[in-house]
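Reader: I am new to this structure and would like to know what stands behind the words used for it. Could you take me through some of them?

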Amino acid sequence: MLTTDSSKTRETNVDVGEVLAGTIDPRSDRILILDFGAQYTQLIGRTIREIGTYCEIHPWDVDDAFIRDFGARGIVLSGGPASVTEGDEDTPVARPCVFGLGVPVLGICYGMQTMAAQLGGEVETADHREYGYARVDVRGTCTLFDGLNDGEPGETALDVWMSHGDRVVRAPDGFDIVASTEAAPVAAIADAARNFYGVQFHPEVTHTKQGHEVLRRFVVDVCQSSTGWNPGNIADSLINWARTEVGDDHVILGLSGGVDSSVAAALLHRAIGDRLTCIFVDNGLLRLNEAEQVMQTFARNLGVRVIHVDASEKFLGRLSGVTDPEAKRKVIGETFIEVFDAESSKIEGVKWLAQGTIYPDVIESAGSKTGKAKVIKSHHNVGGLPDYMKLKLLEPLRELFKDEVRKLGVELGLASEMVYRHPFPGPGLGVRILGEVKAEYAEILRQADHIFITELRNAGWYDKVSQAFVVFLPVKSVGVVGDNRAYDYVVSVRSVTTVDFMTATWSHLPYDLLERVSSRIMNEVRGVSRVAYDISSKPPATIEWE
């Protein structure tokens, strides 16, 4: 059994980018985002990365030494749910050193409010709150807004997204008011001498039409940041880092066939070749032909060493009688660790365990270096290794957002059809079969899901929606097959459109497409008598059913 010192894992988890001999460091210019708890903070980070500049998100209360040592070209203060007007000791504020570093600062929503209050301005609770679309009138000149206009001829205005209950009523000394609305007369402020800016609206969301350009101007024009954060430079630096970090050691990786583990495998194979061994565990809950596709892609096409373990009977056996969603996840997770550990113990000389951990996993699990971020949900691959596993942990994708991982995968030569596949849950079909999981149900679901995805691709809709799948319902419905009565199962088709997966709307698929999907499933999949279409949006529903 693979057993070693888990404390050593943390000591050797070196930052990606520290070892970059002979490559361009795409993190040399960086933006620090201080998170005050806004639901949109990750969007700020993703947008700045899309612009081409590296950034990191950290809690608002990191200490002064961390902020100084970070070496930011600029600092962004995010929005948040708190109120500056509460004024108690628990009210989040930016560290005073933020305004004394001599670097540009951009405050967004709450970030603007706390900046204004801390620098001598005044904030109050508004009589009329602004939530949703708003139009701000641009006043005077400002680097962030000059030349931008969503208004009619003769006016200068921007279409933006607001979400605030407080408002700045007096700007600090040295600031000009550069935008306003009826409800928020101080909707944007600028101190060009110190390069301090504040916007009451959210430039990071797609509803703010010029938001991407506003952020680009702050990052590139104001902060003078380079834009070397691109897939080519990222790939070169990560490959070099992995080679240096691993040395002559051997690495194992659990290959699921999902985007994250697939890209991690391709990257490490490029870096260390046959000193990487991937273990692919078939849990009986994969999509149609998925095991064959994974082996075809990695073992045969890329030459990656892959051990294929068919443990479907073990997984399905342990899931017998289990109906609670969290209990199913636990059974699947524990069984995977057991199977993976048994297979990996057969491999000699392994020193590292590689995982496809990505940046949102770290943020949402409060896995940042400070450990102060609010926990949103736990991820099995962030600090979730069993205590007995003493392998050193290798996480080459730990600082990348999902969209960056996809672009990196294409850069490394993976087929776009693989890296741009819709998300698939870690427990697989186990959480798309409501109630007890049985082999019969899994096979029905596999066939139905394959038909749905095939028809979406044929109709040109697959890339227009964000996630699509079929759910198996443990209920039966009367139907007619030929001239005979049938009493068979019901499946539900689900398709959503989203930008960030925090909110999602159900996809308005054409009726003829839905009719074709329904007809094919009921005619081709034995055991299905009825097909429903889920038209629930998130919130209040979630994307997955379990």
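**Asking what the words mean**

Author: Let's start with a residue that counts as buried: glutamate 546, at 18% relative accessibility. Please keep in mind that this is a predicted model.

Reader: Why is glutamate 546 called buried?

Author: Buried means under 20% relative accessible area. Glutamate 546 has 18%, so glutamate 546 counts as buried.

Reader: Which residue is the salt-bridge partner of glutamate 546?

Author: That is lysine 328, and the closest N and O atoms are 2.8 Å apart. Lysine 328 lies in helix α10 and glutamate 546 in the segment after β18 (528-534), so the pair ties together parts that are 218 residues apart in sequence. Lysine 328 counts as buried too, at 0% relative accessibility.

Reader: What makes the contact of arginine 318 with glutamate 338 a salt bridge?

Author: The rule asks for a side-chain nitrogen of Lys or Arg within 4 Å of a carboxyl oxygen of Asp or Glu. Here the closest N and O atoms are 2.7 Å apart, so the pair qualifies. This pair links distant parts of the chain: arginine 318 is in helix α9 (residues 312-318) and glutamate 338 in helix α10 (residues 325-344), 20 residues apart.

Reader: Are arginine 318 and glutamate 338 buried or exposed?

Author: Neither word fits, because partly exposed is the term between under 20% and over 50%. Arginine 318 has a relative accessible area of 36%, so arginine 318 is partly exposed. Glutamate 338 is partly exposed as well, with 36%.

Reader: How many salt bridges does this rule give?

Author: The count comes to 30 salt bridges. Among them is the one between glutamate 395 and arginine 398, at 2.5 Å from N to O. Glutamate 395 counts as buried, at 2% relative accessibility. Elsewhere, Arg135, Glu155, Asp159 and Lys209 are joined into one network by salt bridges that share partners.

Reader: What makes helix α2 mostly covered?

Author: Ten of the eleven residues of α2 (residues 41-51) are buried. The buried residues include Leu43, Ile44 and Ile48, and also Arg46 and Arg49. Glycine 52 follows α2 and has a positive phi, near 115°.

Reader: How do you know that both faces of strand β9 are covered?

Author: In a regular strand the side chains alternate between the two faces of the sheet. In β9 (residues 196-199), Phe196 and Gly198 are buried on one side, and Tyr197 and Val199 are buried on the other.

Reader: Why are β4 and β9 called paired strands?

Author: Two strands pair if there are at least two bridges between them. Four bridges join β4 to β9, so these parallel strands pass that test. Valine 105 stands opposite phenylalanine 196 in β9. Strand β8 (residues 188-191) is also joined to β9 by four bridges, but these two run antiparallel. There, aspartate 191 stands opposite phenylalanine 196. The hairpin of β8 and β9 has four residues between the strands, and asparagine 195 takes a positive phi near 60°.

Reader: What makes aspartate 88 suitable for a surface patch?

Author: Patch residues need over 30% relative accessible area and no salt bridge. Aspartate 88 has 40%, so aspartate 88 meets the area cut-off and is partly exposed. Aspartate 88 sits in the loop between β3 (74-77) and β4 (105-108). Together with Glu86, Glu89 and Asp90, Asp88 gathers in a patch of negative charge on the surface.

Methods: Residues numbered from 1 in each chain as written. Predicted model: local features only at pLDDT ≥ 70, side-chain atom pairs only at ≥ 80, totals over all residues. Heavy atoms only, no water. Patch = residues over 30% accessible without salt bridge, like charges linked within 9 Å, V, L, I, M, F, W, Y side chains within 5 Å. Areas by Shrake-Rupley, 256 points an atom, 1.4 Å probe, with all protein chains shown as cover. Lys, Arg positive; Asp, Glu negative; His and termini not counted. Charge placed at Lys NZ, Arg CZ, Asp CG, Glu CD. Buried < 20%, exposed > 50% of the residue type's maximum accessible area, 1.4 Å probe, protein only.
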